[in-house]
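Let's take a walk through this protein together, from the overall picture down to single side chains. Have the sequence and the 3D view open beside you as you read.

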Amino acid sequence: MHFALRPLIVTIAAFALALAGGGIAKLAGIPAPWLLGAVVGSLLLGAARRRPNFPEPVRWLAFIMLGYLIGSTASSTFLGSVALWLPSLVVMAVLIPVVTFVSAAVLLRLSDLSAEEAVLCSLPGGLPFAIAASEDMGLRSEVVAMYQSLRLLSLTLILPFVIMIIPQEALTEASAAPARLGGDVPGLFSWVAGVPPVVLIPGSLLMGAGCAGLAALARIPGALFIGPMAGIALLKIIGVPLPNLPELVLIASQAALGWLMGTRFDAIPMRRFASLALACFSGLAAGVGVVIVAGVGLIALTSLPARELVLALAPGAIETTTAIALDRDLDALFVSTHQIARMLIIPLMALSLLAAGRALFRRRRAGGEDR
């Protein structure tokens with residue numbers, strides 16, 4: 001009996017600790033408290049080897065609910081808004097090779113990585129792809145995982161504080177304000193509004209889970225998150241009045257995500273990290289510097305919202321950036337659209353980036369040896 005209940009006990013303990021960390025962060029006035037408090041608690045207990053971990057189904061549920069929450073912020077005005085986002089979407093696509101090569105150049109100078117490893121470590125927001133590619137190519141996948149995990153953890157811990165200091169109101173025009181829910185419900189779907197919440201909310205979540213399953217069958221990256229987000233957003237865009245989930249769901253999802261983010265630190269080989277810390281943080285800083293320059297340019301030249309731009313152009317961490325957007329009442333759909341576009345573009349660009357990086361960095365090294 002005890003062994004049968006063990007997974008449930010571990011899950012309850014993990015949730016309790018994650019929420020406790022979030023509660024402490026909330027009382028301390030830390031931004032995105034439920035996310036950051038859980039991350040820090042998970043990191044500390046993981047370092048002491050005393051962290052209870054969630055079983056896999058809890059991870060699935062957390063991502064599905066986050067995807068639903070973001071998709072439900074869509075409305076019939078979404079398609080019209082996308083036209084306003086074209087400049088930032090184009091810049092985001094251009095930033096992929098620029099951030100990759102700038103970060104890779106720094107890594108090569110400060111470490112013993114090969115050109116291919118440096119490029120895969122520097123891909124902005126391509127952790128699953130980078131690790132899989134490194135394994136297929138016979139490279140040091142544990143080093144690639146270390147760099148990519150460090151990028152995600154660093155962004156998770158830094159971005160909420162960056163968002164706090166950006167004067168959003170002074171830099172955003174009313175025309176760029178995120179669309180809110182509401183408006184007339186078309187007659188075709190008006191009957192949905194009459195379904196009791198006790199039936200509609202679980203049914204909507206099941207619909208989101210079904211979208212996640214379809215995305216997984218289609219081999220879409222981040223299917224558990226992107227599937228429900230895209231499916232629910234589509235239904236909202238065509239006018240289906242799906243319900244908003246209770247705030248408690250957002251808190252639980254962010255706490256679970258934070259706890260899971262802390263487990264990424266377990267994949268970092270500490271002995272290896274100690275010798276490569278300077279290269280890790282320097283490469284990350286170089287990539288972030290490129291993003292900052294591009295973001296400042298977009299803020300100056302367009303009416304796009306400043307805080308959303310920072311999260312949208314951040315080099316990866318889609319679940320973190322969108323969770324922060326939800327927590328700060330920003331346009332999560334704007335942020336997630338850019339992050340998803342990056343995730344879909346990276347596999348298409350990866351082969352050319354690897355080939356170009358190999359040629360560029362080997363030529364540079366050969367030139368340095370000739371001198």
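The paragraphs below begin with the whole chain, then turn to pairs of packed helices and end with a few individual residues.

Before anything else, keep in mind that this is a predicted model. What kind of secondary structure does the protein have? It has 15 helices and zero strands. Of its 371 residues, 51% count as buried. The contacts also reach far along the chain: among those between residues at least 6 apart in sequence, 79% join residues at least 24 apart.

Now for the helix pairs. Two packed helices are described by the angle between their axes and by the distance between those axes. A good place to start is helix α7, residues 141-165, which takes part in two of the packings described here.

Look at α7 beside helix α5, residues 115-122. The two pack at an angle of about 30 degrees, and their axes are 8 Å apart. Angles under 35 degrees count as roughly parallel, and α5 and α7 are therefore roughly parallel to each other. Their crossing is right-handed. Which residues meet here? From α5 come E117, L120, C121 and S122, and from α7 come V143, V144, Y147 and Q148. Sorted by class, the contact of α5 with α7 has five nonpolar, two polar and one charged residues.

Next, follow α7 to its packing with helix α2, residues 33-47. Here the angle is about 145 degrees and the axes are 10 Å apart. The crossing of α2 with α7 is left-handed. On the α2 side, the contact is made by L35, L36, V39, V40 and L43; on the α7 side, by L153, T156, L157, P160 and F161. The residues of this contact of α2 with α7 divide into nine nonpolar, one polar and no charged. If you wonder about the spacing of such residues, recall that an α-helix has 3.6 residues a turn, so residues three or four places apart point the same way.

A third pair is formed by helix α3, residues 56-71, and helix α10, residues 223-237. They pack at an angle of about 30 degrees with their axes 7 Å apart. α3 and α10 are therefore roughly parallel to each other, and their crossing is right-handed. The α3 side of the contact is made by R59, W60, F63, I64, L66, G67, Y68, I70 and G71, and the α10 side by L224, F225, P228, M229, I232, A233 and K236. By class, the contact of α3 with α10 has twelve nonpolar, two polar and two charged residues.

Let's zoom in on single residues, beginning with S122 in helix α5. Is S122 buried or exposed? With a relative accessible area of 6%, S122 is buried; the cut-off for buried is under 20%. The side chain of S122 reaches the backbone nitrogen of A104 at 3.2 Å. Leaving aside residues up to four places away in sequence, S122 touches V99, T100, S103, A104, L107 and Q148. Of these, Q148 is one of the α7 residues in the contact with α5.

Back in α7, find R151. R151 is buried too, with a relative accessible area of 7%. R151 and P315 are 164 residues apart in sequence, yet their C-alpha atoms are 8.4 Å apart in space.

Further along the chain is helix α14, residues 318-327. Nine of its ten residues are buried, so α14 is largely enclosed by the rest of the structure. The buried residues of α14 are I318, E319, T320, T321, T322, A323, I324, A325 and L326.

After α14 comes D329, which has a positive phi. This residue lies in the loop between α14 and α15. Its phi is near 60 degrees, a positive value in a residue other than glycine. At 52% relative accessibility, D329 counts as exposed.

R49 can be read in a similar way. It sits in the loop between α2 and α3, and its phi, near 55 degrees, is again a positive value in a residue other than glycine. With 73% relative accessibility, R49 counts as exposed.

How values were computed:
Residues are numbered from 1 along each chain as its sequence is written. This is a predicted model: local features need pLDDT of at least 70, side-chain atom pairs count only at pLDDT 80 or more; totals for chains, interfaces and linings use all residues. Side-chain values use heavy atoms; hydrogens and water are left out. Axes are lines fitted to C-alpha atoms, for helices over the stretch in contact, and angles run from 0 to 180 degrees between N-to-C directions. Helices (H or I, at least four residues) and strands (E, at least two) are DSSP runs, numbered from the N terminus. Angles under 35 degrees count as roughly parallel, over 145 as roughly antiparallel, 65 to 115 as roughly perpendicular and the rest as oblique. A crossing is left-handed if the near helix is turned anticlockwise from the far one by less than a right angle, and right-handed if clockwise. Contact means heavy atoms within 4.5 Å. Ala, Val, Leu, Ile, Met, Phe, Trp, Tyr, Cys and Pro count as nonpolar, Asp, Glu, Lys and Arg as charged, and the others, Gly among them, as polar. Buried means under 20% relative accessible area, exposed over 50%, partly exposed in between (1.4 Å probe, protein chains only). A polar contact is a pair of N or O atoms within 3.5 Å; within protein, one must be able to donate a hydrogen and the other to accept it, and residues adjacent in sequence count only if both atoms are side-chain atoms.
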